[in-house]
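Reader: I keep meeting words like "core", "stacked" and "buried". Could you take me through how such labels get earned?

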Amino acid sequence: MPKPRPTLPIAHTDDLPTSAFTDEEWQAIERAYARQLNADVRQQITTVTTQYLKDCVFERTAAPKAMVRERLQRIRREVGDLEKVMRDSKPFSASTGEPSREQQEDSKPFSASTGEPSREQQEDSKPFPASTGELSREQQEQKESVHSYTDHLIRRHFNDPRLAAGWRGDHFRGVLTSLVVACNCALNDLSAPEGDGHPWNWWIQALTQIVQRHDLPYGARIVETSGEPSPFAALVRALQFTRTLQEHVPPRHMFSDEALAKAIQRAQGRARDK
């Protein structure tokens, strides 16, 4: 069986189930539990079971986290490349750390007559003097002029009410940097440890709290004298066999009474470990 893919905690669905147990079902539940349940307990059980059904539907329809991680990484990569361009640096290939072949080709100016870089263009394309490895004063002034005039041309046509101050190249670069940082933080969130793992565990924990508050049995061990499941395990089994749950959620841990009892104990233990 393939390993379940981690899913998102949110999803969209138009058909959310609700739990509404019939009188006959409540009677069967009470027989299994060997206890009568007053109206308050019934309402609380109905409420947490409805939430359990909704959580199960959300879990089935949620997108896998791997797809979200891939999109975040792509946004971070593309925005990072744009931020490098705004800083007048070539974006680098994600695999090698070097400018890609297309980027290298795009960076070569061509002569209109021959298709080859002209002598003047070749000279202009040399950003660093061979002797010092730094921009000369003339080149630095030229670079500043290029940046200034580029911003001037963009500012003439840039009109976005979300940026009240208009076009500011340095501000825009700051926004891009913030977006890259936000993507990094979001990727860290995706890598955070998972919680209980399945809505069923939460449902068992909620049912346990309900019966505890009303001084009703909540243990899950098999009764040694009779070999029968505990009243609480029998309650869970009866709930899982109601019509509403069977329509939307397959019963879990129903291979045997012992399997169900152990699963309940694990879920209750997770609640105590929190």
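Author: Sure, and keep in mind that this is a predicted model. Let's start with the largest nonpolar core, which has 32 residues. Ile45, Trp200, Trp203, Val236 and Ile264 are the ones with the most contacts inside it.

Reader: Which helices supply at least two residues of this core?

Author: H1, H2, H8, helix H9 (231-240) and helix H11 (257-273) each do that. H8 gives the most, with 7 residues.

Reader: What makes this set a nonpolar core?

Author: Two tests: its members are buried residues of nonpolar kinds such as Val, Ile and Trp, and they are joined through side-chain atoms within 4.5 Å. As a general point, nonpolar side chains tend to be buried together in soluble globular proteins.

Reader: Which residues does tryptophan 203 touch, leaving aside its neighbours within four places in sequence?

Author: Val48, Thr49, Tyr52, Val236, Leu239, Gln240 and Leu245.

Reader: Tyr52 is on that list. Why is its pairing with tryptophan 203 called stacked?

Author: Set the values against the rule. The ring centres are 4.6 Å apart and the planes differ by 5°. Centres within 6.5 Å make a pair, and planes under 30 degrees apart count as stacked, so the label fits. Tyrosine 52 sits in helix H2 (residues 39-61) and tryptophan 203 in helix H8 (residues 199-213), so the pair links parts of the chain 151 residues apart. Both residues are buried.

Reader: How many aromatic pairs does the rule give?

Author: It gives 2. One of them is formed by phenylalanine 21 and tryptophan 26, with centres 5.1 Å apart and 90° between the planes. Over 60 degrees counts as edge-to-face, so that is what this pair is called. Phenylalanine 21 and tryptophan 26 are buried as well.

Reader: Tryptophan 26 is in helix H1, right? How do you know which of the buried residues of H1 are on the same side?

Author: The buried residues of H1 (residues 23-33) are Glu25, Trp26, Ile29, Glu30 and Tyr33. They cover an arc of only 135° around the axis, which puts them on the same side of H1. Here's the helix logic: with 3.6 residues a turn, residues three or four places apart point the same way.

Reader: What does the face turned away from that buried side carry?

Author: The exposed residues Glu24 and Arg31. After H1 comes alanine 34, with a positive phi near 60°.

Reader: And what about the whole chain: how many helices and strands?

Author: 11 helices and 0 strands. Buried residues make up 28% of its 274 residues.

Terms used:
Residues are numbered from 1 along each chain as its sequence is written. This is a predicted model: local features need pLDDT of at least 70, side-chain atom pairs count only at pLDDT 80 or more; totals for chains, interfaces and linings use all residues. Side-chain values use heavy atoms; hydrogens and water are left out. Rings of Phe, Tyr and Trp (its six-membered ring) pair if their centres lie within 6.5 Å; planes under 30 degrees apart count as stacked, over 60 as edge-to-face and the rest as tilted. Buried means under 20% relative accessible area, exposed over 50%, partly exposed in between (1.4 Å probe, protein chains only). Helices (H or I, at least four residues) and strands (E, at least two) are DSSP runs, numbered from the N terminus. The arc is that of the directions from the helix axis to the C-beta atoms. Contact means heavy atoms within 4.5 Å.
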